[in-house]
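Student: I'm new to this one and would like a close look at a single part of it. Could you start with the cysteine link and then walk me through whatever else holds the chain together?

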Amino acid sequence: GQETAPLLVVGDAGMAGDATVRVEAVDEQDGVAVVTVTLSGVEDPEGLEGFTLVGPGVTAQVNQRGDDACAGFTVEPVTCVLTFPTSDMKGDDRLLVFQRAAETVRWKLV
């Protein structure tokens, strides 16, 4: 069967494939969720495509902007932010989902 990993919370690190992600903090205002993460373990400028933010009825893709926006994965740990639009989401439930190498890690943000 499909193993579903337990939900992680802010402060936890998860691994998918060779990439490690630690969620440091989350802040949401004015229809934008900003998730501070530390990324490490692999050199992959395209790695951010693995992230989605799931809310009630809506899945949001990363919408990067700003000086501290994550640019991709590097082997050395880098702390940066992922930005997601949330104006279409009803309610407060938020899951950050990271998929890589057929593995999925989920964090409950709210």
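Tutor: There is one disulfide in this structure, and keep in mind that the model is a predicted one. The two partners are C70 and C80, with a distance of 2.0 Å from S to S. In general, a disulfide is a covalent bond between the sulfur atoms of two cysteines. Look along the S-S bond and you'll find an angle of 95 degrees, which makes the link of C70 and C80 right-handed. C70 sits in the loop between β6 and β7, while C80 belongs to strand β7, so the link ties together parts that are 10 residues apart in sequence. Don't expect to find this pair on the outside: C70 and C80 are both buried.

Now for the charged side chains. Side chains of opposite charge can pair when their charged atoms come close. Here the count of salt bridges is three.

Let's begin with D18 and R100, whose closest N and O atoms are 2.9 Å apart. This one links distant parts of the chain: D18 is in the loop between β2 (13-16) and β3 (19-29), R100 is in strand β8 (residues 95-100), and 82 residues separate them. The two ends sit in unlike surroundings, too. D18 is partly exposed, at 38% relative accessible area. R100, at 17%, counts as buried because the cut-off for that is under 20%.

R100 has another partner as well: it forms a salt bridge with D44, and there the closest N and O atoms are 2.8 Å apart. Again distant parts of the chain are linked, since R100 is in strand β8 and D44 is in the loop between β4 and β5 (51-55), 56 residues apart. This time both residues, R100 and D44, are buried. Put these pairs together and you get a network of salt bridges that links D18, D44 and R100.

The salt bridge still to visit is made by the side chains of E28 and R94, at 2.9 Å from N to O. E28 is in strand β3 and R94 is in the loop between β7 (78-85) and β8, so this pair ties together parts that are 66 residues apart in sequence. E28 is partly exposed, with 34% relative accessibility, whereas R94 is buried at 4%.

Back to D18 for a moment, as it also turns up among the contacts of S40. Leaving out residues up to four places away in sequence, S40 touches D18, A19, T20, F73, T74, V75, E76 and P77. You'll find S40 in strand β4 (residues 32-40), and it is buried, with a relative accessible area of 14%.

Finally, follow β8, the strand of R100, into its sheet. Strands of a sheet pair through backbone hydrogen bonds, either parallel or antiparallel. This is an open sheet of five strands in the order β1-β9-β8-β5-β6, and the pairing is mixed. At the edges stand β1 (8-9) and β6 (58-61); each has a single partner strand, so one side of each is left without a neighbour in the sheet. Further in, β5 and β8 run antiparallel and are joined by four bridges. If you'd like a spot to zoom in on there, try F51, which stands opposite F98 in β8.

Key
Residues numbered from 1 in each chain as written. Predicted model: local features only at pLDDT ≥ 70, side-chain atom pairs only at ≥ 80, totals over all residues. Heavy atoms only, no water. Helix = DSSP H or I, 4+ residues; strand = E, 2+ residues; numbered from the N terminus. Buried < 20%, exposed > 50% of the residue type's maximum accessible area, 1.4 Å probe, protein only. Contact = heavy atoms within 4.5 Å. Salt bridge = Lys/Arg side-chain N within 4 Å of Asp/Glu carboxyl O. Pairing = 2+ DSSP bridges. Disulfide = S-S within 2.5 Å.
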